[in-house]
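Work through the exercises below with the model open beside you, and try each task before reading its solution.

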Amino acid sequence: MRGAEAVISRGSLIGRDVAVKERIRKTYRIAEIDAKLRRERTRAEARLLHRAKLAGVDCPVVLEVNDFSITMDYLHGSHPEMKAVECVRAGQMLAALHFAGIIHGDFTPVNLMKSKGRLFVIDFGLGFFSHDVEDKAIDVYTMLKALDAKAGTAFIKGYKTRNPKHGAVLKRVEEVKMRVRYAQ
Ligand SMILES: Nc1ncnc2c1ncn2[C@@H]1O[C@H](COP(=O)(O)OP(=O)(O)O)[C@@H](O)[C@H]1O
Ligand SMILES: [Mg+2]
């Protein structure tokens, strides 16, 4: 499993199945800057995972954090098929993250996992803390782009039930859609 920024490997730690996410070197960057960026992103991602868990959102438990790697619980399962229930649940999870001031940064079905019948959010690699309406709207819009209209409606339904301030965010989502349309 290898993305552009990180390598995920499976291992075990004190008898637990773990996933180790290691940020890989970018040789086109100056070594010191590269190390600094990877260290910062690793720390930020671990912090976001931890805060998401405190906000009641299912995500992997962080077990160990090193300079460039995060060791977390391995989720047995796969990316979910986004049927209505999964969409509603994903909406609720994103709303709970937003309520806690957490922006995921890449909220799409490939960054969700279904394990033991539960939905988990993974990959906070592009996440950050913010209460900005625009940041939240982009998170919502990112998922909508990955879903068909019916699934999108279910996702929004879930989002509304968990974010008391959904009105401003969803209004901004409509503006983002318009902006994208006119930019094309
Ligand atoms: N805790 C985990 N348990 C099981 N699989 C995982 C876990 N974390 C990541 N993966 C797998 O590795 C892939 C890439 O991980 P991710 O954190 O999304 O990295 P990237 O930033 O490269 O997208 C995921 O899509 C998923 O299949
Ligand atoms: Mg990912």
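**Exercise 1. The two domains**

Find how far apart the centres of domain 1 and domain 2 lie, and describe the side of domain 1 that touches domain 2.

*Solution.* In this predicted model, the centres of domain 1 and domain 2, taken over C-alpha atoms, are separated by 23 Å. The domain assignment places domain 1 at 6-73 and domain 2 at 84-183. Next, turn to the contact itself, in which 13 residues of domain 1 meet 13 residues of domain 2. On the domain 1 side, helix 1 (residues 31-54) supplies the largest share, with six residues. Sorted by class, that side of domain 1 holds eight nonpolar, one polar and four charged residues.

**Exercise 2. Helix 3 against helix 5**

Determine how helix 3 and helix 5 are oriented towards each other, and list the residues through which they meet.

*Solution.* Begin with the geometry: helix 3 (residues 133-146) packs against helix 5 (residues 166-183) at an angle of about 65°, and their axes are 8 Å apart. Because angles from 65 to 115 degrees count as roughly perpendicular, helix 3 is roughly perpendicular to helix 5. Then list the partners: Val133, Glu134, Lys136, Ala137, Ile138, Val140 and Tyr141 of helix 3 meet Ala168, Val169, Arg172, Val173, Val176 and Lys177 of helix 5. By class, this contact of helix 3 with helix 5 comprises nine nonpolar and four charged residues, with no polar ones. Finally, the crossing of helix 3 and helix 5 is right-handed.

**Exercise 3. Helix 2 against helix 3**

Decide whether helix 2 and helix 3 are roughly parallel or antiparallel to each other.

*Solution.* Helix 2 (residues 84-99) and helix 3 pack at an angle of about 165°, with 11 Å between their axes. Since an angle over 145 degrees counts as roughly antiparallel, helix 2 and helix 3 are roughly antiparallel to each other. The crossing of helix 2 and helix 3 is right-handed. Ala90, Leu94 and His98 of helix 2 make the contact with Lys136, Asp139, Val140 and Met143 of helix 3. These residues of the contact of helix 2 with helix 3 divide into four nonpolar, one polar and two charged.

**Exercise 4. Threonine 71**

Establish whether threonine 71 is buried or exposed, and name the residues that it touches.

*Solution.* First locate threonine 71 in strand 4 (residues 69-73). Threonine 71 is buried, because 21 other C-beta atoms lie within 10 Å, and 20 or more are needed for that label. Leaving aside residues up to four places away in sequence, threonine 71 touches Leu13, Val18, Val20, Leu63 and Glu64. By contrast, cysteine 87 is 16 residues from threonine 71 along the chain, and their C-alpha atoms are separated by 28 Å.

Conventions
Residues are numbered from 1 along each chain as its sequence is written. Chains are lettered from A and ligands numbered from 1 in the order in which they are written. This is a predicted model: local features need pLDDT of at least 70, side-chain atom pairs count only at pLDDT 80 or more; totals for chains, interfaces and linings use all residues. Axes are lines fitted to C-alpha atoms, for helices over the stretch in contact, and angles run from 0 to 180 degrees between N-to-C directions. Helices (H or I, at least four residues) and strands (E, at least two) are DSSP runs, numbered from the N terminus. Angles under 35 degrees count as roughly parallel, over 145 as roughly antiparallel, 65 to 115 as roughly perpendicular and the rest as oblique. A crossing is left-handed if the near helix is turned anticlockwise from the far one by less than a right angle, and right-handed if clockwise. Two residues are in contact if their C-beta atoms, placed from the backbone, lie within 7 Å. Ala, Val, Leu, Ile, Met, Phe, Trp, Tyr, Cys and Pro count as nonpolar, Asp, Glu, Lys and Arg as charged, and the others, Gly among them, as polar. Domain bounds come from an automatic or database domain assignment. A residue is buried if 20 or more other C-beta atoms lie within 10 Å of its own, exposed if 12 or fewer, and partly exposed in between; C-beta atoms are placed from the backbone.
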